[in-house]
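Here are a few exercises to work through with the model open in your viewer. Try each task before you read its solution.

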Amino acid sequence: MQLRPVIYALGMMILLVTAAMVPCALIDIADATDQQHVFVTSGAISLLVGSLLFVLARSKDLHIGQREAFLLTVSIWVVINAVGALPFLVSGYSITDSFFESVSGMTTTGATILTGLDSMPRGLLLWRSILHWIGGVGIIVTAVAILPQLRVGGMQLFNLESSDRTGKFLPKVSDIAAYIGFAYVALTAMCALLYGLTGMNWFDAINHAMSTLSAGGFSTYDASFGQFNGTGALYVAIVFMALAAMPFSLFAILLLNGRPGPLLRDPQPRLLLAIAITVSAIIILLREAQFQDISFSERWDEGVAAVFNVISVLTGTGFATAPYDTWGEPIAALFLFITFLGGCAGSAAGGIKMFRLEITWKALIAWGQRMVQPHRKAPIWYGGRIVDDDTLQSVMVFLFLYLMTFMVSAALLSFGGLDTISAITAAAACISNVGPGLGPIVGPSTNYGVLSDFATWVCTVTMLLGRLEFLVVFVVLTPRFWRG
């Protein structure tokens, strides 16, 4: 295995993340805070490390094969999160809390250990949003251009056609990334503009736009999006959170040829919207039974809160406008259920993903048909084509690893001192990259700052595994991978 191209790519990525620290440093200097040194120091350290790796590993022949791609996919997410943790570490937070906050930002989970956000230096607040934004586009490109080539988790269904047959590992990946990046930037700018028109100041609008399009959930306020209750920002957020959970490759295709056909034909958005509408309607009806003698405007606000929080949890964004874990046990159970589901493949959302849910359901139906009629052929169709055995096996292996990781994580969190509800929902929220769980410890009105160091590291690892979709990490950890 050739490590030089992996090291070279890591150095380049560190330099790119270092460049993202510049606006944070400038805003702290402009505000004349006592934290002006944070991003200057962090940037100097990461610039030195990135430059060394970039220069020492530079070569004319930097071919990336499949084994190198597996290693690079995992190592980038670990190394970049270490760089992302530097500003928190320099600010005085512990290594555990700094790495947790960085991982939560870069994986777009949105769980936080920080309090006092309302009075925190704006540079650090902006850095949290930038981590979201980098991680969001990073996982979209990974899901569209890398994971399908590695043939893991059923993502091979989403291989993009290319005319390049030169045998390169990722044909025309630069074009794919460019179109996706343009769509991502355009939607973020549009979201920020609309937030500004609803009354947010420019700083809040930019931060929340980056958090929204990345399906992240970091806010600049301890009250999260509840700070903007009663404003039009909630309606803007509902629309753009839903867009963040859509396949960005289809947005790129839309930009390329101007035809919405592929987006309309994809079964994932239809299933996502159907689930969102159904769950929202059920919760609104359950909430209606809890209220008597309230005005129409109050009922409308309660309905908007239900829809907002359902979309937020389902897409893995994790913004909260109300303590929905206090709305009753049936509603709490529904929120726990949609925590696992996630968005579409190739989106910023985490979770199981819509295509895996549909393929698994169709596989169960086909299995039942063959049980009744053993000689009957019952192919599984998805998106107008038959799902091959390799793809089906990848989906089933992913689901097995997902459930096993969730159960192990919940057990470890329970051993770490969390009550049963908090342990289960924290594991679910971290593995699906949602952020808030349920209950008094990790619920939508609290944060992860009270967790022990052991529990914090369990959540950190779980977030990384959930974002990298398990199989890539487990392949790299096998002895056979290193033996070649």
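**Exercise 1. Take the pair Arg 128 and Glu 101: what links the two side chains, and are they buried or exposed?**

Step 1. Start with the contact: in this predicted model, the closest N and O atoms of Arg 128 and Glu 101 are 3.1 Å apart, and the pair forms a salt bridge.

Step 2. Now place the partners. Arg 128 sits in helix α6 and Glu 101 in helix α5 (residues 95-106), so the bridge ties together parts that are 27 residues apart in sequence.

Step 3. Check accessibility: Arg 128 is buried, and Glu 101 is buried too.

**Exercise 2. Which helices does the salt bridge between Glu 288 and Arg 299 link?**

Step 1. The closest N and O atoms of Glu 288 and Arg 299 are 2.5 Å apart.

Step 2. Glu 288 belongs to helix α12 (residues 267-288) and Arg 299 to helix α13 (residues 296-314), so you're looking at a link between distant parts of the chain, eleven residues apart.

Step 3. For burial, use the 20% and 50% cut-offs. Glu 288, at 33% relative accessibility, is partly exposed, and Arg 299, with 27%, is partly exposed as well.

**Exercise 3. Where do Lys 362 and Glu 358 lie, and how many residues apart are they?**

Step 1. Both are in helix α15 (residues 354-372), four residues apart, which is about one turn of the helix.

Step 2. They form a salt bridge, with the closest N and O atoms 3.1 Å apart.

Step 3. Lys 362 has a relative accessible area of 28% and is partly exposed, whereas Glu 358, with 17%, is buried.

Step 4. Elsewhere, Lys 353, Arg 356 and Glu 469 are joined into one network by salt bridges that share partners. The structure holds seven salt bridges.

**Exercise 4. What lines the largest cavity, and which element gives the largest share?**

Step 1. There are two cavities of 30 Å³ or more, and the largest has a volume of about 60 Å³.

Step 2. Its lining includes Val 313, Tyr 324, Phe 335 and Leu 438. Two elements, α14 (329-341) and α17 (420-431), give two or more residues each, and α14 has the largest share with three.

Step 3. Sort by class: seven nonpolar, three polar and no charged residues.

**Exercise 5. How do the residues lining the second largest cavity divide by class?**

Step 1. This cavity has a volume of about 50 Å³. Among its eleven lining residues, Ile 139, Ala 143, Ser 347, Lys 353 and Glu 469 lie nearest its centre.

Step 2. Helix α6 (residues 122-150) provides the largest share, three residues.

Step 3. The split is six nonpolar, two polar and three charged.

How values were computed:
Residues are numbered from 1 along each chain as its sequence is written. This is a predicted model: local features need pLDDT of at least 70, side-chain atom pairs count only at pLDDT 80 or more; totals for chains, interfaces and linings use all residues. Side-chain values use heavy atoms; hydrogens and water are left out. On a 1 Å grid over the protein atoms alone, a cavity is a set of points where a 1.4 Å probe fits but cannot get out, and a pocket is an open set with protein on both sides within 12 Å along at least five of seven lines; lining residues have an atom within 4 Å of a point. Grid points are joined across faces, edges and corners, and a volume is the space filled by probe spheres set on the points. Ala, Val, Leu, Ile, Met, Phe, Trp, Tyr, Cys and Pro count as nonpolar, Asp, Glu, Lys and Arg as charged, and the others, Gly among them, as polar. A salt bridge is a side-chain nitrogen of Lys or Arg within 4 Å of a carboxyl oxygen of Asp or Glu. Buried means under 20% relative accessible area, exposed over 50%, partly exposed in between (1.4 Å probe, protein chains only).
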